[in-house]
Amino acid sequence: MYIIGITGGTASGKTTFVQQLIEECETDWINIISQDDYYKPLKGLSYQEKDKINFDHPDTIDFDLLEQHLLTLKDGKSIQKPSYSFKTHDRLIETTSILPKPVLILEGILVLSIAKTKTLCDHTIFLDAPEYIRQERRLQRDVNERKRTPESVLFQFETNIHPMHRQFIEPLKHKVHQVIDGTKSFHSPLNDVVKLIKKQVSLP
């Protein structure tokens, strides 16, 4: 199994790039695993307590389980992938059965910040976008889709998102195989990654 790790700051274009990538490939070639589903369970905490947690720090991710699942898939066995709810800030009871496929896309802001998952990736990509653009995109998304107030989103940026990005994510830009501009068309880099995937599944 060939693992492609895709990282970059919040609202840098990761989701759009992955969606376009899947549109260009056969779905039976590729699995997608998102970091978001591997947030640690927070049973027993109130919503107010959960809301104070810095979810942009690597300590909030269950990297042990993620590593175990990646190794299991590489071994040709299926996993039960957890699911996460942003409404409750907690892991759901429901899981999703994932069967191994030739290529796995591992995406998220912190998936390459820990050596145990980064070293399992065969190809690594960083989606790059300026801080002000990422903030504008995230602000629009959280206000429109998650019904948050602009004030709460901007406060989160100043206290959590920007500091964690500078500490854990931005340095990764110089430690990956490929940097993609998240503010421009993905046409050319997308073609490069599709060729890479086709090579792995032995297709012309």
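1. Start with helix 7, residues 187-200: with 14 residues at 1.5 Å a residue, this helix should span 20 Å, and its end C-alpha atoms are indeed 20 Å apart. (The expected span is 1.5 Å times one less than the number of residues; helices are DSSP runs of H or I with at least four residues, strands runs of E with at least two, numbered from the N terminus.) Keep in mind that this is a predicted model, where local features need pLDDT of at least 70 and side-chain atom pairs pLDDT 80 or more, while totals for chains, interfaces and linings use all residues. Numbering runs from 1 along each chain as its sequence is written, and side-chain values use heavy atoms, with hydrogens and water left out.

2. Which residues of helix 7 are buried? P189, L190, V193, V194, L196 and I197 are, where buried means under 20% relative accessible area, exposed over 50% and partly exposed in between (1.4 Å probe, protein chains only). Looking down the axis, these buried residues fall within an arc of 160°, so they line one face of the helix; the arc is taken from the directions from the helix axis to the C-beta atoms. On the face turned away from the buried side sit the exposed H187, K195 and K199.

3. The cover over the buried residues of helix 7 includes strand 1 (2-8), helix 1 (14-24) and strand 7 (178-181), with contact meaning heavy atoms within 4.5 Å. After the helix comes S202, with a positive phi near 60°.

4. There are four aromatic pairs, which need ring centres within 6.5 Å (Phe, Tyr, and the six-membered ring of Trp); planes under 30 degrees apart are stacked, over 60 edge-to-face, the rest tilted. F17 and F186 have centres 5.3 Å apart and planes at 90°, so they are edge-to-face. This pair links helix 1 to the loop between strand 7 and helix 7, 169 residues apart. F17 is buried at 0% relative accessible area, and F186 at 7%.

5. Y39 and Y84 make a tilted pair, 4.9 Å centre to centre with 45° between the planes. Y39 is in the loop between strand 2 and helix 2 and Y84 is in strand 3, so the pair ties together parts 45 residues apart in sequence. Both tyrosines, Y39 and Y84, are buried, and they form one aromatic cluster with F55 and F86.

6. In the largest nonpolar core, of 29 residues, I33, L70 and L106 touch the most other members. (Such a core is a set of buried Ala, Val, Leu, Ile, Met, Phe, Trp, Tyr and Cys joined through side-chain atoms within 4.5 Å.) Helix 3 gives the largest share, five residues.
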